[in-house]
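Visitor: Could you walk me through this protein, one question at a time? I work at the bench, so plain words are welcome.

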Amino acid sequence: MESLEMDPEMLYPEITVEVGRVTLGEENRKEMTNCSLKRTENSKIIQATCALLNSGGGVIKVEIDDKNYSYRCHGLGLDLETSLQKLLPSGSQKYLDYLQQGHNLMIFVKSWNPDVFSLPLRICSLRSNLYQRAMTSTVNLGASNALELLREKQSRAQRGRSRVKELHPQKALDQYTQEEEDTRLCASEFLQRDKLRYKEKLNFTESTHVEFKRFTTKKIIPRIKEMLPHYVSAFANAQGGYLIIGVDDKSKEVFGCNREKVDPDLKKEIGNCIEKLPTFHFCCEKPKVNVTTKILNVYQNDALYGYVCVVHVEPFCCVVFTEAPDSWVIRDNCVTRLTAQQWVTMMLDIQPAPCNLSTDYSLHQISPASSTPRGTSCPIKVLEFKRALQQRLFPVTWEETQFQPESLCKKLFSDHKGLEELMKTQVNEDTNSPGIVVFSRSWASDVGLRKEHHVLCDALLIAVNRPLVLYTILTDPAWVGGRVYARNTAHQLKQKLGTLGGYTGKVCVLPRLICLPGTQCRPAEIPLRYPQSYRLANKDEMEDLLQALIVVSLCSPSLLSDQLGCEFFNLLIAEQCELLSESLQETRELFLHCFPGTRKTALAIKIMEKIKDLFHCKSKEILYVCESDALKDFVTQQTTCQAVTRETFMRGEFPKIKHIVMDETENFCSTYGDWYLKAKSITHPKMRGAGSESLHRGILWLFLDPFLVRHAARSGLPPPSAQFPRKTITNGIHCALEIAMVMKEEMKRIQENPHSNVSPDTLASFREAAYEEAMCHQALPGVFESETNLTTEEMAKHVAERCHSLFQCGYLPKDIAILCRRGEDRRRYELALLRAMELFETHGATKVAFSQASGVLDAHIILDSIQQFSGLQRNIVFGLSPEGTLLEEVHKLRFASRAIKHLYLLYEKRAAF
Ligand SMILES: [Zn+2]
């Protein structure tokens with residue numbers, strides 16, 4: 001393992017590898033007399049390039065040896081060019097740029113990205129060190145062929161066929177027909193012999209499975225050790241073979257190795273050498289490489305002349321290397337060689353998936369803690385929708401520069417006078433084409449670094465014909481950590497755009513420090529020069545970059561992430577509705593069992609629009625029925641169709657209605673009469689006296705959450721066994737991962753300790769693994785926090801603090817709902833909350849007011865009971881409850897199913913009586 005020096009104080013926000021002094025230039029390198037120095041310089045540069053390619057890109061700083069060197073006039077040097085060409089056969093200009101700065105040559109290395117047109121290689125390598133036989137020669141596999149071999153071995157192991165049986169020819173040799181297999185048979189017979197004659201001619205030759213070697217040198221053991229790994233790797237990776245040492249490959253004559261030159265420990269030495277070869281197993285059995293070594297005596301005129309050594313290599317289940325692959329990464333700031341294990345894992349992008357589930361299951365099980373289980377990947381669905389999201393939220397226009405997200409900018413600009421002007425001036429200085437400036441309270445924390453309180457906010461400028469610029473606005477110009485913060489944030493953001501966002505072009509992020517107006521200070525900047533190709537060349541590149549930024553944003557919680565997330569969920573719901581609507585024609589009556597988190601109201605609203613389109617009917621012919629007034633008002637605003645509560649439905653006449661969608665039916669009850677019968681008589685009326693033919697067959701779709709059924713016995717729903725046809729929606733999870741996790745745990749608990757309201761069918765239809773899979777495809781990171789044993793005052797303070805910091809981040813009161821268990825608790829909480837909120841309303845912040853659920857469309861925070869809020873949702877939900885209440889699980893599930901991205905559950909201390 002070689003380590004190269006790296007300077008953490010380098011100005012580029014990039015991984016920078018310093019390779020020291022190097023001779024550069026075509027002529028200079030040609031004239032180099034010290035070949036070993038030339039080789040060392042060459043490998044330092046090539047290894048650093050390989051490591052940076054595999055680690056998200058960076059810069060190599062080369063100190064130029066010759067004072068008169070000019071990159072333009074003298075170039076790099078032929079050996080360097082050839083090596084780079086070998087490393088990057090598809091063209092190094094796609095990845096590398098050179099910039100001479102005085103006596104340094106900076107080599108800019110872009111992150112490696114798999115070629116979509118051929119075998120996708122996830123990392124690049126100098127040599128695989130995996131060998132294969134090609135007729136009678138042994139070759140080091142190129143990266144693509146190595147990948148092919150790995151995949152083949154992997155799929156064999158997955159099919160349980162890793163045990164490769166060596167072919168043992170059944171037949172005896174035939175005089176008239178010969179095939180390649182015959183040589184193997186001859187070799188195996190040869191192995192059985194115990195006596196050979198000097199200069200005896202063998203009756204077979206070299207083949208794919210047989211290799212002859214003859215050494216005349218004195219140092220036999222070192223020579224054997226040197227070439228043995230190649231043959232072991234090549235034979236073992238294929239169908240096995242024989243290496244016969246002491247036979248001339250041309251004449252096929254037995255010479256043997258002179259007994260004086262052969263160490264008595266030869267067998268042991270061979271064994272040790274093979275023991276050391278790196279292997280990688282896909283199988284569970286993990287056997288060792290199986291090799292038999294036999295020493296045959298060679299006699300000359302009845303006297304022992306020497307020995308022939310036969311190494312029989314059996315086929316190996318998985319892969320054997322001659323040594324670790326020649327492939328490099330940056331690890332702990334060093335250029336580090338990968339081990340065979342790491343290399344295969346990266347080549348195949350293997351997630352840790354142990355064979356034995358019972359022992360190692362915890363490794364890849366999603367933990368219910370708030371940590372995100374996905375590491376560096378994002379939900380698969382995000383990639384599918386990134387373009388649509390970009391077009392909706394960040395369209396590239398040629399009008400003026402946009403400042404995003406609007407609510408955060410508004411908050412920042414109103415709290416800090418002069419900031420808006422300052423930013424506009426700064427942006428105009430940096431670009432003359434209109435761009436998008438994306439603000440965040442902390443881009444550092446958005447990309448997984450620490451938030452700093454000296455930083456008011458960061459803003460990222462994206463514009464055509466410019467590199468990206470990350471402005472860091474400091475509250476304290478004297479803060480010494482500013483530069484390091486800005487550089488680290490810029491670097492991390494750039495890395496994430498590639499690794500997470502999937503941006504494949506050349507990209508850089510220039511850090512820039514700005515002080516708030518009034519502080520009279522502008523930290524001196526040393527301009528960073530990047531090659532021209534690191535700018536966004538056109539609209540297409542800008543769109544690609546914005547899409548990558550959207551993916552990066554969606555993968556960590558922030559205001560922008562939440563705004564993008566809501567749009568993302570809308571797209572998912574629309575897609576699901578599209579699928580569901582396919583059954584509208586043939587399934588007129590349907591029970592839709594929607595699990596918590598599937599956003600059934602949003603789905604129901606979209607379905608009504610579909611009904612309208614599909615049956616060419618008017619809005620007033622479709623009726624939406626739900627339980628609460630608040631939900632009815634909300635739906636009325638969302639759709640042109642008519643919406644009523646169950647109570648109104650039972651009291652009124654609906655002669656024009658042809659289709660009915662009933663939502664939240666888990667909350668229905670049979671007070672006011674049989675609503676189900678009434679709905680059926682509207683959608684499927686029977687003509688009096690005219691047989692059983694229906695006049696009209698309308699849609700009657702009933703949405704319910706089977707886990708949240710309130711009064712199973714008197715809900716008015718048919719018994720679960722009669723709820724047919726039925727569709728159970730378990731796979732659309734449209735909320736934060738953390739919240740989905742809470743719901744999953746609660747459903748699991750209900751499944752284990754069922755209560756009478758949840759039908760056995762429902763319990764059986766919940767499958768943890770399937771739910772988790774859906775979560776991983778769709779759920780986005782969010783926030784879940786839970787606090788217990790609080791007094792009413794502490795609870796109020798907690799909510800107020802949280803709300804205050806959310807407002808600071810640009811969230812608005814209309815994003816928040818505070819829900820309690822019972823309607824009668826509302827007043828008590830309201831007083832405490834208002835008192836607590838006042839403490840934060842010192843400097844001109846908007847006065848907090850609360851609305852009831854019916855005011856869901858107002859701009860205020862909702863404060864109401866969970867019952868009143870049923871069917872409605874908000875981005876951020878606080879659930880307040882007394883501790884130790886019965887039916888705990890159901891309440892937790894009710895709170896969780898109202899929240900999209902943030903859920904805070906607060907439990908009050910039980911009052912002492
Ligand atoms: Zn194996």
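Visitor: Gladly looking at it now: how many bridges join strand 23 to strand 25?
Guide: A word on the source: this is a predicted model, where local features need pLDDT of at least 70, side-chain atom pairs count only at pLDDT 80 or more, and totals for chains, interfaces and linings use all residues. Residues are numbered from 1 along each chain as its sequence is written. Helices (H or I, at least four residues) and strands (E, at least two) are DSSP runs, numbered from the N terminus, and two strands pair if DSSP finds at least two bridges between them. Strand 23 (residues 622-626) and strand 25 (residues 659-662) run parallel, and the number of bridges joining them is four.

Visitor: Which residue of strand 25 stands opposite Leu623?
Guide: Strand 23 and strand 25 are joined in parallel. Opposite Leu623, in strand 25, stands Ile660.

Visitor: Which strands stand at the edges of the sheet that holds these two?
Guide: The sheet is open, has six strands in the order 24-23-25-26-22-27, and is paired in parallel. An edge strand has a single partner strand, so one side of it is left without a neighbour in the sheet; here the edges are strand 24 (642-645) and strand 27 (726-729).

Visitor: What angle does helix 19 make with strand 24?
Guide: From one strand of this sheet to the next, the twist averages 20 degrees. Axes are lines fitted to C-alpha atoms, for helices over the stretch in contact, and angles run from 0 to 180 degrees between N-to-C directions; contact puts two C-beta atoms, placed from the backbone, within 7 Å. Helix 19 packs on the sheet, touching strand 23 and strand 24, and its direction makes with that of strand 24 an angle of about 180 degrees.

Visitor: Which strands does helix 21 touch on the sheet?
Guide: Helix 21 (residues 675-683) has a direction at about 150 degrees to that of strand 25. Its buried residues pack against helix 20 (646-651) as well as strands. The strands that helix 21 touches are strand 25 and strand 26 (700-704).

Visitor: Why do the buried residues of helix 21 lie on the same side?
Guide: A residue is buried if 20 or more other C-beta atoms lie within 10 Å of its own, exposed if 12 or fewer, and partly exposed in between, with C-beta atoms placed from the backbone. In helix 21 the buried ones are Trp675, Ala679, Ile682 and Thr683. They are on the same side of helix 21 because, taking directions from the helix axis to the C-beta atoms, they cover an arc of only 90 degrees.

Visitor: And which residues are exposed on the other side of helix 21?
Guide: Buried residues of helix 21 include Trp675 and Ala679. Exposed on the other side are Leu677 and Ser681.

Visitor: Which helix gives the most to the side of domain 4 that touches domain 5?
Guide: Domain bounds come from an automatic or database domain assignment, which gives domain 4 (572-774) and domain 5 (782-908) among others. Their C-alpha centres lie 28 Å apart, and the contact takes 27 residues from domain 4 and 23 residues from domain 5. Helix 19 (629-638) and helix 22 (737-752) each give two or more residues to that side of domain 4. With eight residues, the one that gives the most is helix 22.

Visitor: Is strand 33 mostly covered or uncovered?
Guide: Strand 33 (residues 899-908) runs parallel to strand 28 (residues 783-790), with six bridges, and to strand 32 (residues 874-882), with eight bridges. Glu787 stands opposite Leu906, and Gly879 has Leu905 as its bridge partner. Nine of the ten residues of strand 33 are buried, so to speak of the whole strand, the word is mostly covered.

Visitor: Which residue of strand 4 stands opposite Ile60?
Guide: An open sheet of four strands has the order 1-2-4-3, with mixed pairing. Within it, strand 2 (residues 58-64) and strand 4 (residues 104-109) pair in the antiparallel sense over six bridges. Opposite Ile60, in strand 4, stands Ile107.

Visitor: What share of the residues in the whole chain is buried?
Guide: The protein chain has 27 helices and 33 strands. Of its 913 residues, the buried share is 42%.
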